[in-house]
Amino acid sequence: RAAAMVTQLELFSENEELEEVASADLKFMLLPALLGALTLKQVDLSRRREHLESAREHFLHFLKLCRNYGLGSFQLPSGTSSEEEAKSSPAPRDPSQPNLVSMAMSRSAKIERYKQKKELENKLAAMSSSVESGTADEDQIREFYILQIQKWIGNSLEEIESIDQELVILKSRDAARQAPAGPRGPPRPARTPVKPFILTRDAAQARVFGAGYPGLPTMTVDDWYEQRRKQGIVSQQAFGEPGSPPCPSPPAGTSDEEMQKQQKETEEEEDDEEALRKARDWDDWKDTHPRGYGNRHNMG
C-alpha cells in the first residue's frame, strides 16, 4: 500500500536530481528493496519460482531508481539493460568456455562491495541513535538515509545473483519433470522362489540327511536334474555328452560346511578300510568329547 501511494504521488521522477528530493522522502526509495526482501521470505514451495521472479523485479526496480539518481556506481545484472546497451554489447560467447576476465571482474566487485558494506554498517551504527531519538539535524538525516540506500544496493545485487542461481535449478527441475519417460523394455518374468533343500548322491543319503533338525527336504541328483529339465532351465547338453554322468553345481542353499561334509563322506566311502576305521574312531571320540573339551585358555 505504501508503494502504491508513492507511485500515485509521483515522489520520484527520472528527470530530477538527487538534490531535488526532500530529505524526508529519501526513505521511500527503499520500498522496492524492502518488498523484494519480504517476497523472498514467502514459504509456499509450490509458488517458489513465482516469488523469486517477483522479488527479482522489485530489486531491479530499486537498482534502476538508484542509478537514475546517481546513488552508487554499479552495473545492472545481465538481462536487464536497455536496448541501446544490448546493441552495443559484444557478440555472445561460447557458454562452454569460461570467461576468465568477467570472472575476475565479478570477484573484485564482490570484494569491493563487501568492504563498502562493512564501512556503511559502521557509519549507520554510529548515526542510528541520534536519528531515532530525533536529535539529528536535516543534514544528518539525509546522510543517514543515503547510507541506507547504498547499503541496500549491495544487498540487492547479492540477492539477484542468488535468485538467478536458484531459478536455473528450478527450471532444470521443471524440465526434468515434464520430459517424457524413455522407452522401456519388456518386463522381466518373475522368478519363482526356490525352497532350500539338500542334494544327495542317492536315496540312502537322502534318508540320512532328511532325518536331522530342522529337517530340510532332500533330493537325489537324478531327481534334481529331472526337475530342472522339466522346468526348461537346463538341457541335456548342460551336463556333457549323452550318456556321460551329470555334474551339477551345488544349489544356492547349500553351505560350505555341508559341501565339505559331503566331500569328506565321499572320500571315506572310496578309501580303504584303514581310513574307514580312523573315521569311525574319530566319530566315537566326538561322541564322548563335546566340542571345546580340553580348552583351558579361558580358565573355564
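H51 lies in helix α3, which spans residues 48-68, in what is a predicted model. With a relative accessibility of 9%, H51 falls under the 20% limit and therefore counts as buried. Apart from neighbours within four places in sequence, H51 is in contact with T39, Q42 and D44.

A second residue of interest is E10, which is found in the loop between α1 (2-9) and α2. The phi angle of E10 is near 55°, a positive value in a residue other than glycine. E10 has a relative accessible area of 65%, over the 50% limit, so this residue is exposed.

The two residues are set side by side below.

| Residue | Place | Relative accessible area | Class |
|---|---|---|---|
| H51 | helix α3 (residues 48-68) | 9% | buried |
| E10 | loop between α1 (2-9) and α2 | 65% | exposed |

The loop that holds E10 leads to the subject of helix packing, since α2 lies at one end of that loop. Helix α2 (residues 31-40) packs with helix α6 (residues 138-178), their axes being 11 Å apart and at an angle of about 40°. The two helices are therefore oblique to each other. The crossing in which α2 passes α6 is left-handed.

Which residues of α2 and α6 meet? On the α2 side they are A33, L34, A37 and L40, and on the α6 side W152, S156, E159 and I163. Of the residues in this contact, six are nonpolar, one is polar and one is charged.

Note on methods
Residues are numbered from 1 along each chain as its sequence is written. This is a predicted model: local features need pLDDT of at least 70, side-chain atom pairs count only at pLDDT 80 or more; totals for chains, interfaces and linings use all residues. Side-chain values use heavy atoms; hydrogens and water are left out. Axes are lines fitted to C-alpha atoms, for helices over the stretch in contact, and angles run from 0 to 180 degrees between N-to-C directions. Helices (H or I, at least four residues) and strands (E, at least two) are DSSP runs, numbered from the N terminus. Angles under 35 degrees count as roughly parallel, over 145 as roughly antiparallel, 65 to 115 as roughly perpendicular and the rest as oblique. A crossing is left-handed if the near helix is turned anticlockwise from the far one by less than a right angle, and right-handed if clockwise. Contact means heavy atoms within 4.5 Å. Ala, Val, Leu, Ile, Met, Phe, Trp, Tyr, Cys and Pro count as nonpolar, Asp, Glu, Lys and Arg as charged, and the others, Gly among them, as polar. Buried means under 20% relative accessible area, exposed over 50%, partly exposed in between (1.4 Å probe, protein chains only).
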